[in-house]
Amino acid sequence: MTARGRYIALEGFDGSGKSTQAEMLASHLDAVLTREPGGTPLGEALREVLLHAEPSEAPSARTEALLFCADRAQHIATVVAPALETGRDVVTDRSYGSTLAYQGYGRGLPLDELRALIDYACRRPAGASGDLPDVILPDVVVLLDVPLADSDRRVHRLDRVGGEQMSLLETAPEAEQSADHSEEEPSDQRPDGGPDRLEGEELEFALRVWRSYRELCSAEPDRWVLVDATGSIDEVAARVIEAVSTHPAMAD
Ligand code: TMP
C-alpha cells in the first residue's frame with residue numbers, strides 16, 4: 001500500500017518570499033505546488049473577490065473568514081486530499097495559519113471560533129482514504145522570518161525609531177508605539193506592482209499580523225518551524241529544505 005504524502009505549508013508575513021520558497025521546496029520534493037487562496041478554479045474566483053473587492057463591497061470580517069475557509073475546504077477536498085492519498089507530497093503557499101494571523105489577530109475575530117471553522121473546512125472529505133487524518137492540517141508549517149521593515153514599506157517610518165532591526169525573534173514594542181501614522185504613504189507604490197486589499201490595510205493591522213506569527217509558531221512547536229528568511233534566495237531555500245527534511249513529521 002502506498003504511504004500517504006506529506007502536507008507542508010509555507011507561512012509568513014506579506015513580502016517574506018513565501019511563494020518563491022514554496023516553488024523551490026515543491027521542486028526539491030517533487031511535490032504538488034498549490035496555494036491559498038487559489039489552488040482550485042473556485043478558489044481563484046474567491047481569491048479575486050477576497051483580494052480585489054472594491055472598498056464599497058469589501059466583505060465583513062466574518063464574511064472574509066468564511067470565504068477564506070470556503071477556499072480552503074475546496075482546496076482540501078479537490079487538490080490536497082487526493083494528492084496525499086496517492087502518496088504525493090503537497091506544498092502550499094499559505095494555510096490555516098494565515099486565517100489565524102490575519103482574521104484572528106489582524107481583524108480581532110475569536111481564535112477558538114476560527115479554529116472550529118478551520119477544522120470544519122479541513123475535515124477529511126467523504127470517501128477519502130482512512131490513512132488521512134480526520135482533519136487535514138499541514139504536517140509541517142514553515143514560518144519564514146523576515147524583519148518587518150524589510151517586508152513592509154509601511155513600516156519604513158519605524159526605521160527612524162529603531163524598528164529597522166525588528167524581526168520575529170526580536171521586536172521593539174517601543175518603536176511600534178511611537179510610530180507616526182499621520183503621513184501614511186500611499187500603498188499603491190509598492191515596487192511589486194501595487195497592494196491587494198489586505199496589504200493595503202493600516203499599519204496597526206500589519207503589526208498585529210506580523211507579531212502574531214511568532215505566537216502561532218510557539219503555540220504549535222510540533223508542527224511549526226521558524227526559518228530565518230534573510231539572505232539570498234538560495235540560502236533561504238537551503239534552510240527551508242533542511243528544516244523540512246529533518247522535521248519529525250517527514251520521517252517514514
Ligand atoms: P498572497 O498570495 O500574496 O500570500 O496573498 C494572500 C493574502 O490573503 C495575504 O494578504 C494574506 C491573506 N490571507 C488571509 O487574510 N487569510 C487567509 O486565510 C489566507 C490564506 C490569506
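Select helix 2, residues 41-52. Helix 2 has 12 residues, and its first and last C-alpha atoms are 16 Å apart, close to the 16 Å expected at 1.5 Å a residue; the expected span is 1.5 Å times one less than the number of residues. Helices are DSSP runs of H or I with at least four residues, numbered from the N terminus. The model is predicted: local features need pLDDT of at least 70, side-chain atom pairs count only at pLDDT 80 or more, and totals for chains, interfaces and linings use all residues. Residues are numbered from 1 along each chain as its sequence is written.

Within helix 2, colour G43, L46, R47 and L50, which are buried (20 or more other C-beta atoms within 10 Å of the residue's own, with 12 or fewer for exposed and partly exposed in between; C-beta atoms are placed from the backbone). They cover an arc of only 110 degrees around the axis, so they sit on the same side of helix 2; the arc is that of the directions from the helix axis to the C-beta atoms. Turn to the other side of helix 2 to find P41, E48 and H52 exposed.

Next, show helix 3 (61-85), against which the buried residues of helix 2 pack (contact: C-beta atoms, placed from the backbone, within 7 Å).

Move to the ligand. Its shell holds 13 residues, and the closest are F68, S98, T99, Y102 and L198 (a residue is near if its C-beta atom, placed from the backbone, lies within 6 Å). Select helix 4, residues 96-106, which gives the most to this shell, with four residues.

Finish at helix 8, residues 203-219. Its buried residues include W210 and Y213.

Note on methods: Helices (H or I, at least four residues) and strands (E, at least two) are DSSP runs, numbered from the N terminus. Two residues are in contact if their C-beta atoms, placed from the backbone, lie within 7 Å.
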